[in-house]
Amino acid sequence: MTAKTTTTAYEGVIGLEIHAELETESKMFCGCAVVDSTTAAPNTYVCPICLGFPGVLPVINKRAVEFAIKVGLALNCEIATVNVFARKSYFYPDLPKGYQISQYELPLCKNGWTEIDLPDGSTKRIGIRRAHLEEDTGKSIHVGGSSLIDFNRSGVPLLEIVTEPDIRNGIEAEAFGRKLRAILQYLGVNSGDMSKGVLRMEPNISVRPVGSTEFRTRTEVKNLNSIRSVQRASDYEIERHIKVWESGGEVVQATMGWDEARQQTVLQRTKESAHDYRYFPEPDLPILNTSREWVEAIRAHLPELPDTKRDRLMKAGLSRYDASVLVADRPVADYFERVMQAGADPKKGANWIINELFARMNKAALSAERVNEQKVSPEALAGLIKLVDAGTINNNAAKKVLDAVFAEGGEPSAWVAKLGLEQTQDTSAVEAAVEKVLGANPGETDRFCAGEEKVFKFLIGQVMREGRGKFPAELANDVLTAKLNARCGKS
Ligand SMILES: [Zn+2]
């Protein structure tokens with residue numbers, strides 16, 4: 001094969017495989033409690049069934065089926081009425097039975113879709129191929145050369161969701177990941193905490209020339225512990241594949257890991273052949289019938305979902321994208337609603353959260369869903385916005401107040417007093433500052449009079465600096481305009 005001399009435009013072809021634990025009270029096939037496997041003492045929530053002892057009999061957890069149906073309905077899937085569980089046989093130390101109970105030919109949910117909102121304001125429909133119920137495995141813990149296994153997670157209900165390969169790049173993968181996580185959070189079936197492993201997303205990635213419909217060799221990326229990593233790993237793999245094809249090489253089917261520190265994928269293993277899982281119907285479980293009546297009763301009780309909430313926020317004046325950002329994390333959506341309830345203008349509230357609060361949280365290494373772990377309460381943020389609306393402080397002073405509340409907590413009005421940021425209503429002080437600035441910058445004044453209007457921006461900046469954040473912007477503008485016009489002889 002010779003190296004290509006022309007440059008082809010490529011596009012990514014990405015499908016996501018998602019594993020979401022269903023946070024029911026008890027496990028999928030036994031009565032053991034579902035616990036936080038990152039904090040509970042290892043192997044304390046186990047029994048003969050989830051430890052895979054011979055001769056034990058599993059019993060289907062009805063609540064887990066209900067949770068899975070909720071997700072299927074929220075993803076516009078067809079819900080099967082007849083469900084067959086299947087044995088997926090493979091050996092792994094964290095799977096003591098030697099097989100996982102899953103679903104194969106007859107998944108509970110199939111042929112669904114959801115719509116994602118993209119940063120450029122466009123929307124895109126992503127197909128959901130299937131979603132099926134299975135059980136989680138135990139967790140291997142590697143300590144100093146030894147491998148230990150915690151079976152608390154063994155048998156926790158797990159929903160595997162597989163998308164169609166409709167995703168083209170990391171941005172779309174991220175938007176889908178956020179959308180799906182929000183749906184799970186709103187339904188109350190999963191906390192969405194990827195760092196704890198209760199939600200795991202694995203992209204399958206290939207590339208092809210734009211306009212082609214072929215599917216080239218794909219790689220999958222595992223061990224992604226945030227949605228941001230899903231985006232970065234997807235874009236990284238797309239670039240890597242393009243380089244391989246462009247240089248005349250061939251992409252090898254492989255499982256990749258993600259090196260968070262180096263922000264690159266690393267080869268874990270190549271796949272010589274597909275696994276033979278020897279699926280067959282699980283003989284210890286009956287066929288599960290999910291009646292139309294039951295499914296419709298579940299549908300009738302679905303809570304408000306992210307799209308409905310987004311539409312409601314758009315009606316309150318928000319742009320589609322801002323609204324989709326705010327609803328993407330359940331805690332952020334709740335926070336924003338409380339800012340509105342506390343009397344802040346919705347549009348201003350959205351701006352302050354997305355542009356100012358998120359920036360400060362980002363610097364403090366707090367992701368958006370941890371909005372309740374920082375010190376600015378929704379009521380405090382609403383109070384700050386109202387202080388600006390009332391003309392008590394200007395925008396710049398408000399940012400300083402937000403810095404203070406974010407760092408130390410407390411009431412915005414108290415910080416305004418403490419930092420001496422209240423705006424002056426004293427016109428003569430503004431006039432004096434304008435005179436001082438014009439006197440100190442005669443050259444700029446002449447240039448303004450000669451028609452160079454952009455000098456105004458510089459001069460108003462000097463005036464505001466004189467006011468140390470206390471001059472109302474509109475007043476300063478008016479005074480400077482009047483004095484400049486007088487100096488230019490325009491009056
Ligand atoms: Zn158990």
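Biologist: Which residue in β9 is the bridge partner of K139?
Modeller: This is a predicted model, in which local features need pLDDT of at least 70, side-chain atom pairs count only at pLDDT 80 or more, and totals for chains, interfaces and linings use all residues. Residues are numbered from 1 along each chain as its sequence is written. Strands β8 (139-143) and β9 (146-150) pair in the antiparallel sense over five bridges, where pairing needs at least two DSSP bridges and a strand is a DSSP run of E, at least two residues, numbered from the N terminus. In β9, the bridge partner of K139 is D150.

Biologist: Which residue in the hairpin of β8 and β9 takes a positive phi?
Modeller: This hairpin has two residues between its strands. The positive phi, near 45 degrees, belongs to G144.

Biologist: Let's move to another sheet. Which residue in β5 does A86 stand opposite?
Modeller: Three strands form an open sheet in the order β5-β4-β15, with antiparallel pairing. Its edge strands, β5 (99-103) and β15 (280-281), each pair on one side only. Strand β4 (85-89) pairs with β5 over five bridges. In β5, A86 stands opposite S102.

Biologist: How far does helix α3 reach from its first C-alpha to its last?
Modeller: Helices are DSSP runs of H or I, at least four residues, and α3 (227-246) has 20 residues. The expected span, 1.5 Å times one less than the number of residues, is 28 Å here. From first C-alpha to last, α3 comes close to that, reaching 29 Å.

Biologist: Which residue just after α3 takes a positive phi?
Modeller: The helix itself has buried residues (20 or more other C-beta atoms within 10 Å of their own, C-beta atoms being placed from the backbone; exposed is 12 or fewer, partly exposed in between), including Y236, H241 and W245. Among the elements covering them are α2 (170-187) and β11 (199-209). Just after α3, a positive phi of about 85 degrees is taken by G248.

Biologist: Between which domains does the largest nonpolar core lie, and why?
Modeller: A nonpolar core is a set of buried Ala, Val, Leu, Ile, Met, Phe, Trp, Tyr and Cys residues joined through C-beta atoms within 7 Å. The largest one has 102 residues, and A68, V71, A131, L326 and V401 are those with the most contacts inside it. Both domains in question give residues to this core, so it lies between domain 1 (10-295) and domain 2 (304-419).

Biologist: How many Å separate the centres of domain 1 and domain 3?
Modeller: The chain is divided into domain 1, domain 2 and domain 3 (427-487), with bounds from an automatic or database domain assignment. Taken over C-alpha atoms, the separation of the centres of domain 1 and domain 3 is 61 Å.

Biologist: What is the radius of gyration of the protein chain?
Modeller: Along the principal axes, the C-alpha atoms fill a box of roughly 95 × 60 × 50 Å. The globule rule, 2.2 Å times the number of residues to the power 0.38, gives 23 Å for 491 residues. The chain is more spread out than a compact globule, because its radius of gyration, taken over C-alpha atoms, is well over that value, at 29 Å.

Biologist: Does S291 count as buried or exposed?
Modeller: S291 is found in the loop between β16 (288-289) and α4 (292-300). With 9 C-beta neighbours inside 10 Å, S291 counts as exposed.

Methods. Contact = placed C-beta atoms within 7 Å.
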